[in-house]
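Reader: Could you walk me through one part of this model in close detail? I'd like the helix packing, and then a good look at a single side chain and its surroundings.

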Amino acid sequence: MNEIGQMLANAREKNGVSIEEASEDLNIKVIILENIEHGNIGSFKDIFVLKDHIRKYSKYLGLDPEKVIDVFNEYLFEYTSKIPLKAIEKAVQGKKEVEVIEDKI
């Protein structure tokens, strides 16, 4: 997410737009744009709202919003698909235990 935020911040600065101007033009709070630029994904409760903000912000800055969203989707997949090995082993063990109990019933 930091990569996307940095890309957006760089585009904004290259276009000579302050974050306050972008906020006013897009009708998105400054704090939201700052969180996007800083990669603070944890500050967003709804990932779909975040994607919408990223799409609008990208388009506003002259970037291809679909390419930016593709990068975001890749990040999100990586971010959410990292399940610790211990958790997987514990789930497998729990399933085996349930199967043994079911076999005895």
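Author: Sure, let's start with helix H1 (residues 2–14) and helix H5 (residues 65–80), which pack at an angle of about 155 degrees with their axes 9 Å apart. Angles over 145 degrees count as roughly antiparallel, so H1 is roughly antiparallel to H5. Axes here are lines fitted to C-alpha atoms, for helices over the stretch in contact, and angles run from 0 to 180 degrees between N-to-C directions; helices are DSSP runs (H or I, at least four residues), numbered from the N terminus. Where they meet, H1 brings Glu 3, Ile 4 and Met 7, and H5 brings Val 68, Val 71 and Phe 72 (contact means heavy atoms within 4.5 Å).

A word on ground rules: this is a predicted model, where local features need pLDDT of at least 70, side-chain atom pairs count only at pLDDT 80 or more, and totals for chains, interfaces and linings use all residues. Residues are numbered from 1 along each chain as its sequence is written, and side-chain values use heavy atoms, leaving out hydrogens and water.

Now for the side chain: Glu 37, found in helix H3 (residues 30–37). Glu 37 is buried, at a relative accessible area of 10% (buried means under 20%, with a 1.4 Å probe and protein chains only). Its side chain makes polar contacts with the side chains of Arg 12 (2.7 Å) and Tyr 57 (2.5 Å); such a contact is a pair of N or O atoms within 3.5 Å, and within protein one must be able to donate a hydrogen and the other to accept it, while residues adjacent in sequence count only if both atoms are side-chain atoms.

Key: Helices (H or I, at least four residues) and strands (E, at least two) are DSSP runs, numbered from the N terminus. Angles under 35 degrees count as roughly parallel, over 145 as roughly antiparallel, 65 to 115 as roughly perpendicular and the rest as oblique. Buried means under 20% relative accessible area, exposed over 50%, partly exposed in between (1.4 Å probe, protein chains only).
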